[in-house]
2 protein chains.
Amino acid sequence: MYSPDYLHKLTATIFEKMGCSSEDANRAAKVFVAAELRGLPSHGMIRIKDYFQLWKANRINVQPNIRIVHETPGTAVVDGDSGIGMIAATKSMETAIEKAKNVGTGWVSTRGSNHYGIAGYYSMMALEHDMIGICMTNANPLVAPTFSVSRLLGTNPVAVAIPADKQPPFVADFSTTPIARGKLAVSEKKGEKVRFGYVQDKDGNPSNDPAILKEGGSMLTLGGDFESGGHKGYCMASIVDIFSAVLSGANFGPFVPPSVAYLPVRDDQVGEGTGHFFGAMRIDAFQPAGDFKMQMDKWIETHRNAKSAPGKPNVVIPGDPERAQEEKLQKEGIAILPAVAKELKEITDELRVDFDIR
Amino acid sequence: MYSPDYLHKLTATIFEKMGCSSEDANRAAKVFVAAELRGLPSHGMIRIKDYFQLWKANRINVQPNIRIVHETPGTAVVDGDSGIGMIAATKSMETAIEKAKNVGTGWVSTRGSNHYGIAGYYSMMALEHDMIGICMTNANPLVAPTFSVSRLLGTNPVAVAIPADKQPPFVADFSTTPIARGKLAVSEKKGEKVRFGYVQDKDGNPSNDPAILKEGGSMLTLGGDFESGGHKGYCMASIVDIFSAVLSGANFGPFVPPSVAYLPVRDDQVGEGTGHFFGAMRIDAFQPAGDFKMQMDKWIETHRNAKSAPGKPNVVIPGDPERAQEEKLQKEGIAILPAVAKELKEITDELRVDFDIR
């Protein structure tokens, strides 16, 4: 078991050894550790190897000049300069929050970025400012539009964080597919089949094989097939792609560069890197913040008091499971899978960083 | 068959006879006719009876003082003063567009409103200004959160309109449930069962009975049950409810007043009327509009050229089916169901308006 602080320092040191400034390395480390704490290890320490290999392949700029390339009082386009996604994303969300302070809301579309970890982290940055935070990103193309077998979209998540008063904040962070990519990988490793409705084979036939993506298959959009409303999930994934990439000048859909070094970047890029979209809305640009937060308490309590179907758990308020996990791991420490710890050991040995597997 | 112009004048005259100003009556009429033209008659002329009956029950203010009650350079809260939803919504979207002209984006949350017809109409108002238009609304509670049997949310639609260059605009307009409420009603009238995954009975058991809502059943969120990602649809419907109602001070979820006069308004209101949310984002607040629109063409063409699964149609670009329908009906005229025409005849007789069933 590792303390959050230990993993933060380890991660920051690794990125510093790769050439990042101390400030940037710490920015990135926060997001990696937040993913572990919130129970999303698929976006945590396991991803350090991907960044390490991208760096060795000269596909990551560790001294990026992250800058605003266009702006109005309420908007900006940020260029991440091929740096680590967590750094471009943190700076982009900071920009959105500053804009919101001035004119009520702030909206930033970001290009030239890379995989940024958990979307929820950036949306939650707005909370301490009594703002609603919004965050989206496009991602490696694995998802087919309704009726199609072409992989044109990523799992394109959306995160929205909304402050409350006595209740904890509402923090939704969800992919626009029935399940996240990582859950397919877990089922595959366990040798289990998955539910029909998550993936299809290369000809569009329903499949329950979690490894079907390796054989030309694709993931379905949220809702599944057309009859079950999958075209609505297709709309959502498309909106995320357009806001993140067409508004910013990043690569959209099928052109998104892979977040792993063993897959090549396409020659026919249509923009710069991966794209994200960030929003911050000041609560008091609409309502006195105190009034709004008390009404959010009432909203949350109404949903907590909903009647459950027999045998089902209580309604889950978005953000509750991740917060419970964070409280638990802050006390107990974070376990790292042996295979991930072994990879980290190899990386830290190469970079001459101290790391002992526990 | 009726020409769009005939139905526009008829609708405007009906609302004028109910006491609306000519300007307001024409604003509302545009949205009713747009629903018919876009192939969504469930939100068109069939709804005039609902408004007529709400007016007779003194639940609609035909001389509303629609006003901005709070604002910043980029945001506003609009109070619809219990008027017709289409009027409050049109004015709210106009406000969002004006704000966007000044600071890049404009965001309006609206309270004290009523059913506003098709969300897509308002999002499309942004297109002629080279803006992206966004529109959401809450609605009568028919939908249960994941794991629950309590009807706490509406079908809460989201519409997003995005301009392109040579390609027609991208116009997504979708409920956050697997199917719209109106489709259940159609299946019920035809005596057909529906697919499992749309509705559940009062105890949360899967049901294929489209009339189950009358027996305490509820609709599921987009995605269906938890295993299929229904909690993501729950997140979306919740976000729409909070942006539309908690930000504006309208009634959220279970407190939304019924859009029909035969259902009573709850005594325990938590806000004013129904709530909506509107956004306008100037394209050139992010990119030169011409560059963006050419890239949108490329995005749309990429999706048009996707490979279809054998036996499946081509990928449907959001907005294409509605636009094709509009082009067809502009030429051929609009058919009104005999039962709807009969209701309109009764209303027009009572209001002494000329109307001949064709």
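## A walk through a two-chain model

Let's start with the sheet in chain A: seven strands make an open sheet with mixed pairing, in the order S1-S2-S3-S10-S4-S5-S6. Its edges are strand S1 (67–72) and strand S6 (170–174) of chain A, each of which pairs on one side only. Going from one strand to the next, the twist averages 10°. Keep in mind that this is a predicted model, so treat everything below as a description of that prediction.

Zoom in on one pair from that sheet. Strand S4 (residues 131–137) of chain A and strand S5 (residues 158–162) of chain A are joined by four bridges, and they pair in the antiparallel sense. If you look for Cys135(A), you will find Ala159(A) of S5(A) standing opposite.

Now, which strands of chain A does helix H7 (residues 230–246) of chain A lie across? The answer is strand S3 (105–113), S4, S5 and strand S10 (274–282) of chain A, and the helix runs at about 95° to S10(A). Chain B adds a helix of its own here: H7(B) lies across S5 and S6 of chain A, at about 135° to S6(A).

Next, step back and see how chain A is divided. Its domain assignment gives domain 1 (1–62 + 331–358), domain 2 (64–177 + 226–318) and domain 3 (179–219). Notice that domain 1 and domain 2 are each written as two stretches of the chain. How far apart do the C-alpha centres of domain 1 of chain A and domain 3 of chain A lie? They are 29 Å apart.

Time for some helices. Two packed helices are described by the angle between their axes and the distance between the axes. Try that on helix H1 (residues 4–17) of chain A and helix H2 (residues 22–37) of chain A: they pack at an angle of about 140°, and their axes are 8 Å apart. That angle is why H1(A) and H2(A) count as oblique to each other. Their crossing is right-handed. On the H1(A) side, the contact is made by Pro4(A), Leu7(A), His8(A), Thr11(A), Ala12(A), Phe15(A) and Glu16(A). The H2(A) side includes Ala25(A), Ala29(A), Phe32(A), Val33(A) and Leu37(A). Sort the residues of this contact by class and you get 10 nonpolar, four polar and three charged.

Another helix pair in chain A has a crossing of the other hand. Helix H3 (residues 48–56) of chain A and helix H10 (residues 338–351) of chain A cross at roughly 35°, their axes coming within 10 Å. Here the crossing is left-handed. Ile48(A), Lys49(A) and Phe52(A) of H3(A) make the contact with Glu343(A), Leu344(A) and Ile347(A) of H10(A). By class, four of these residues are nonpolar, none is polar and two are charged.

Over in chain B, you can trace a sheet too. It is an open sheet of seven strands with mixed pairing, in the order S1-S2-S3-S10-S4-S5-S6 (chain B). Strand S1 (67–72) and strand S6 (170–174) of chain B are the edge strands, each pairing on one side only. The twist averages 10° from one strand to the next. S1(B) and strand S2 (residues 75–79) of chain B run antiparallel, with five bridges joining them. One residue to look up is Ile68(B), whose bridge partner in S2(B) is Val78(B).

Chain B has a helix pair worth a look as well. Helix H2 (residues 22–37) of chain B packs against helix H4 (residues 85–103) of chain B at an angle of about 95°, with the axes 8 Å apart. H2(B) and H4(B) are therefore roughly perpendicular to each other. Where they meet, H2(B) offers Asp24(B), Arg27(B), Ala28(B) and Val31(B), while H4(B) offers Met86(B), Ile87(B) and Thr90(B). That contact divides into four nonpolar residues, one polar and two charged.

Finally, how do the two chains come together? In all, 70 residues of chain B are in contact with 70 residues of chain A. On the chain B side, the elements giving two or more residues are S1, S2, strand S3 (105–113), strand S5 (158–162), S6, helix H7 (230–246) and helix H8 (289–304) of chain B. Which of them gives the most? That is H7(B), with eight residues. The residues on the side of chain B that touches chain A divide into 36 nonpolar, 27 polar and seven charged.

How values were computed: Residues numbered from 1 in each chain as written. Chains lettered and ligands numbered in written order. Predicted model: local features only at pLDDT ≥ 70, side-chain atom pairs only at ≥ 80, totals over all residues. Axes fitted to C-alpha atoms, helices over the stretch in contact; angles between N-to-C directions. Parallel < 35°, antiparallel > 145°, perpendicular 65-115°, else oblique. Left-handed = near helix turned anticlockwise from the far one by under 90°. Contact = placed C-beta atoms within 7 Å. Nonpolar A, V, L, I, M, F, W, Y, C, P; charged D, E, K, R; others polar. Domains from an automatic or database assignment. Pairing = 2+ DSSP bridges.
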